[in-house]
Amino acid sequence: MSIDLTLRHLRVVIAVADAGGYTPAARELHVAQSSLSRTVQEVEQRIGVPLFERTTRRVRPTLEGEAFLATARRLVAEFDAALNHFEGYLAGTRGAVSVAALPSLAGSMLPPVLAAFRRGHPEVAVSVKDGFSGEVLDLVVRGEVDLAVSVAARVPATLAVRHIAVDAFAAVLPAGHPLAAEEELRWADLAGQPFVAFERISSIRSYVDRVLTETGTRTGALTEARNIGAVAGLVAAGLGVSAAPSLVLPMMMFADVVVRPLVAPVVERDICLIHDPRRPMSRAALALMQLLLSAGEREIASPPGVRWVQEETGQA
């Protein structure tokens, strides 16, 4: 059996399911409700099963409708990503490159690289989009950026990953804290201390939780915050100590905090360059990628506690 459906058919069915009814879906798509209803009926006729059933308050998918929606969402996402990839390629040929990064990388590691890139490509516009690890990966998967710089531990198998740098963790303390008298601290020294942690969505949190568990270190009362500035402010106010990687530290120094290296163990994050090999790469995007891969050889400045690694010959 061959089912003849268009991308518009799929988008309409998805819109009805997401909106929970024909009227709000028609409003969202800026089409007449009658036209939208006919489109859904046409899909149902072509596949031979009903996709929706009406309840007293909303329209919901049937069992067959749920199965159809799963396929429709996947196909539409793949189509949109493919077009985004091509649009990105065209933008690059006209002189534009886009890169996604964690906020700490966008604010401290990327600027000297982009400054070096601009010197060699003065007419190329660069767009930087920052976000948490999962958000950065989503931008690459959806084809909305040429490449990304992140510390994502789990990357979809469809993406290519290159290791480009590492940064080490340090303790962040309120000024005048007793531990600030030491030149360096062990993770175990944080035991019993009130602790200011990044939210669990942050890649930093997963590193810190893992090391605290592995070293058997139990901290005191926990305070959580989403962004770097908030963590720094909470530490400075005396709500606790914290731990952060070197690339984050410059963004915390506005607050009255003290930084000390953490040892036993020394913990480093692997910073990676990520891209989708299915995306056609413009010359500008390739040039930026090559610059990131060879930043150490080119002696591009890196923040304290950050070390560029040699360019790898393969991809993971």
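**Exercise 1. Locate glutamate 184 and describe its surroundings.**

Step 1. Glutamate 184 sits in the loop that runs between S6 and strand S7 (185-186). The model used in these exercises is a predicted one.

Step 2. Decide whether the residue is buried, exposed or partly exposed. Its relative accessibility is 45%. Buried means under 20% and exposed means over 50%, with partly exposed in between. Glutamate 184 therefore counts as partly exposed.

Step 3. List its contacts, leaving out residues up to four places away in sequence. Glutamate 184 touches Pro261 and Val263.

Step 4. Compare sequence and space. Glutamate 184 and alanine 264 are separated by 80 residues in sequence, and their C-alpha atoms are 10 Å apart.

**Exercise 2. Describe the backbone at alanine 264 and proline 265, then at glutamate 299.**

Step 1. Recall the usual case. Most residues other than glycine have a negative phi, and most peptide bonds are trans.

Step 2. Place the pair. Alanine 264 is in the loop between S11 and S12, and proline 265 is in the loop between strand S11 (257-263) and S12.

Step 3. Read the angles. Alanine 264 is not a glycine, yet its phi is positive, near 55 degrees. The peptide bond that joins alanine 264 to proline 265 is cis, with omega about 5 degrees.

Step 4. Turn to glutamate 299, in the loop between H9 and S13. This residue is not a glycine either, and its phi is positive at about 60 degrees. Its relative accessible area is 70%, so glutamate 299 is exposed.

**Exercise 3. Work out how helices H1, H2 and H3 pack against one another.**

Step 1. Choose the quantities. Two packed helices are described by the angle between their axes and the distance between the axes.

Step 2. Take H1 with H3. The axes of helix H1 (residues 7-19) and helix H3 (residues 33-47) cross at roughly 110 degrees and come within 10 Å. Angles of 65 to 115 degrees count as roughly perpendicular, and H1 and H3 are therefore roughly perpendicular to each other. The crossing of H1 past H3 is left-handed.

Step 3. Name the residues between H1 and H3. From H1 come Arg8, His9, Val12, Val13 and Val16; from H3 come Ser35, Leu36, Thr39, Val40, Glu42, Val43 and Arg46. By class, the contact of H1 with H3 has six nonpolar, three polar and three charged residues.

Step 4. Take H2 with H3. Helix H2 (residues 22-29) packs on H3 at about 110 degrees, and the axes are 9 Å apart. This angle makes H2 roughly perpendicular to H3. Tyr22, Thr23, Ala25, Ala26 and Leu29 of H2 meet Gln33, Leu36, Ser37 and Val40 of H3. The contact of H2 with H3 holds six nonpolar and three polar residues, and no charged ones.

Step 5. Take H1 with H2. Their axes cross at roughly 120 degrees and come within 8 Å. H1 and H2 are therefore oblique to each other. The crossing of H1 and H2 is right-handed. H1 contributes Val12, Ala15, Val16 and Ala19 to the contact, and H2 contributes Tyr22, Pro24, Ala25 and Leu29. These residues divide into eight nonpolar, no polar and no charged.

**Exercise 4. Identify the largest nonpolar core and examine valine 149.**

Step 1. Give the extent of the core. The largest nonpolar core has 43 residues. Those with the most contacts inside it are Met109, Val149, Ile164, Ile271, Leu273 and Leu292.

Step 2. Find the elements that build it. Among those supplying at least two residues each are strand S3 (96-101), helix H5 (103-120), strand S6 (160-174) and helix H9 (283-293).

Step 3. Examine valine 149. Apart from neighbours within four places in sequence, its contacts include Val99, Leu105, Met109, Ile164, Ile271, Leu273 and Leu292.

Step 4. Look for another core. A second, separate one has 35 residues, including Leu190, Ile228, Val257 and Val258.

**Exercise 5. Determine the setting of valine 161.**

Step 1. Valine 161 lies in strand S6.

Step 2. Its relative accessibility is 16%, so valine 161 counts as buried.

Step 3. Valine 161 and histidine 275 are 114 residues apart in sequence, while the distance from C-alpha to C-alpha is 6.8 Å.

How values were computed
Residues numbered from 1 in each chain as written. Predicted model: local features only at pLDDT ≥ 70, side-chain atom pairs only at ≥ 80, totals over all residues. Heavy atoms only, no water. Axes fitted to C-alpha atoms, helices over the stretch in contact; angles between N-to-C directions. Helix = DSSP H or I, 4+ residues; strand = E, 2+ residues; numbered from the N terminus. Parallel < 35°, antiparallel > 145°, perpendicular 65-115°, else oblique. Left-handed = near helix turned anticlockwise from the far one by under 90°. Contact = heavy atoms within 4.5 Å. Nonpolar A, V, L, I, M, F, W, Y, C, P; charged D, E, K, R; others polar. Core = buried A, V, L, I, M, F, W, Y, C linked by side-chain atoms within 4.5 Å. Buried < 20%, exposed > 50% of the residue type's maximum accessible area, 1.4 Å probe, protein only.
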